[in-house]
Amino acid sequence: MLTRRQTLSLLGAAAAVAILPTTRSASASEPLKELRLGWQKNGVLALAKGTGALEKRFADRGIAITWAEFSSGPPLLEALGAGAIDFGPTGDVPPLFAQAAGGNLLYAGTYKGSSAGSAILVHKDSPFQTVADLKGKRVAFKRGSSAHNFTVKALRKAGLGITDIEAADLSPSDAAAAFASNQIDAWSIWDPYFAVAEKDAGTRVLTTAEGIVESWSYFLSNGDFTAAHGDVLGEILDELAKVGAAAQDDLDGTVAALSKITGVPADIQRVALTRKDFSLADVSTLGPDAVAYQQALADEFFQLQIIPKQLTVSDIVWKGRAS
């Protein structure tokens, strides 16, 4: 059994962020020499990192790949918008905050996960039986993350608003520590952190996101990088789709590979990879349904005064490689 100490050690490791490269200006007239990728401990990009798929894809073009790890989407997109990295994955809410802040970035691609892979967790012996019971209680989630959206919608379904709880803005590692020490009443979180915490006998799932919110995630790219190297961006998405399809066809091998890459034990990794409707192969550019979902979310968060201005999501959707 995974102990609380092991759980916190694992989650704490995910909070470490590699030293970011300095910003650079991109020029289409200059061949790309370095592709800087931000990654999190889940999904097809993490798998590509472990297999060296992108390094192999660009080796004959002399493009070096560097990686920077992030514990959640908001700091990844801050680095992306500032030009410290070129490409990375995130959930649905972080791009809204980044666009509202004027970040220099574009939606490049999308992948759809499992709503069963996000949950609001409580302590096993807590008196809370429904989301409505969280009124007035301290609930942790990373502000601006997909868990923020899930929490808003879960509360609404229970007849509550975000102001009816005491929201604690905590990163996954900080929230894990606070949860383990009973400093918070509930924790809204996604896989693989959810799968890790769920393994603990002292944890109980209050609700998953099933029937509450869809699980859209996105690949975003720096605006200058995209303008200068759209051909490279297209190849990244193509390679990730291939990696994802191969991984989905060999789930046992994928469990072992991702466990090695992320440090998440294989049994826990398998739980995350076998959630209902989860597929690593579902990588594509943004279709109308993905854009419509983001626009509806942007409108909702503006109306709730969570983001400061009205957004037009299509303004920052990559239109594809120039012909």
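This is a short dialogue on reading a few features of a predicted model.

Q: Let's start with the whole chain. How many helices and strands does the chain have?

A: The chain has 13 helices and 11 strands. Its C-alpha trace spans about 60 × 45 × 35 Å along the principal axes.

Q: What does the radius of gyration say about a chain of 323 residues?

A: The idea is to set the value beside that of a compact globule, which for 323 residues would be near 20 Å. Here the chain has 19 Å, so the two agree. As for burial, 55% of the 323 residues count as buried.

Q: And how far apart in sequence are the residues that contacts join?

A: Take the contacts between residues at least 6 apart in sequence: 81% of these join residues at least 24 apart.

Q: What can I read from the surface and the charges?

A: About 13,300 Å² is exposed by the chain, with carbon and sulfur atoms supplying 51% of it. There are 30 positive and 35 negative charges, and their mean positions lie 3 Å apart.

Q: Now a single element. How should I read a helix such as helix 13?

A: Residues three or four places apart in an α-helix point the same way, because there are 3.6 residues a turn. Helix 13 covers residues 288–303 and reaches 22 Å from its first C-alpha to its last, close to the 22 Å expected. Its buried residues include Ala 290, Tyr 293, Gln 294, Leu 297 and Phe 301.

Q: What do the buried residues of helix 13 pack against?

A: They pack against helix 5, strand 4, helix 6 and strand 10.

Q: Are loop residues buried or exposed? Take Ala 209.

A: Ala 209 lies in the loop between strand 9 and strand 10. With a relative accessible area of 2%, and under 20% being the cut-off, Ala 209 is therefore buried. Ala 209 touches Ser 115, Ser 118 and Phe 150, leaving aside residues up to four places away in sequence.

Q: Which residues other than glycine have a positive phi?

A: Two cases are Asn 182, with phi near 60°, and Gln 305, also near 60°. Asn 182 sits in the loop between helix 7 and strand 8, and at 56% relative accessibility counts as exposed. Gln 305 is in the segment after helix 13 and is exposed too, with a relative accessible area of 70%.

Q: One last backbone feature: where is there a cis peptide bond?

A: Look at the bond joining Asp 191 and Pro 192, where omega is about 5°. Pro 192 is in the loop between strand 8 and helix 8.

Note on methods. Residues numbered from 1 in each chain as written. Predicted model: local features only at pLDDT ≥ 70, side-chain atom pairs only at ≥ 80, totals over all residues. Heavy atoms only, no water. Helix = DSSP H or I, 4+ residues; strand = E, 2+ residues; numbered from the N terminus. Rg over C-alpha atoms; globule rule 2.2 N^0.38 Å. Buried < 20%, exposed > 50% of the residue type's maximum accessible area, 1.4 Å probe, protein only. Contact = heavy atoms within 4.5 Å. Areas by Shrake-Rupley, 256 points an atom, 1.4 Å probe, with all protein chains shown as cover. Lys, Arg positive; Asp, Glu negative; His and termini not counted. Charge placed at Lys NZ, Arg CZ, Asp CG, Glu CD. Expected span 1.5 Å × (residues − 1).
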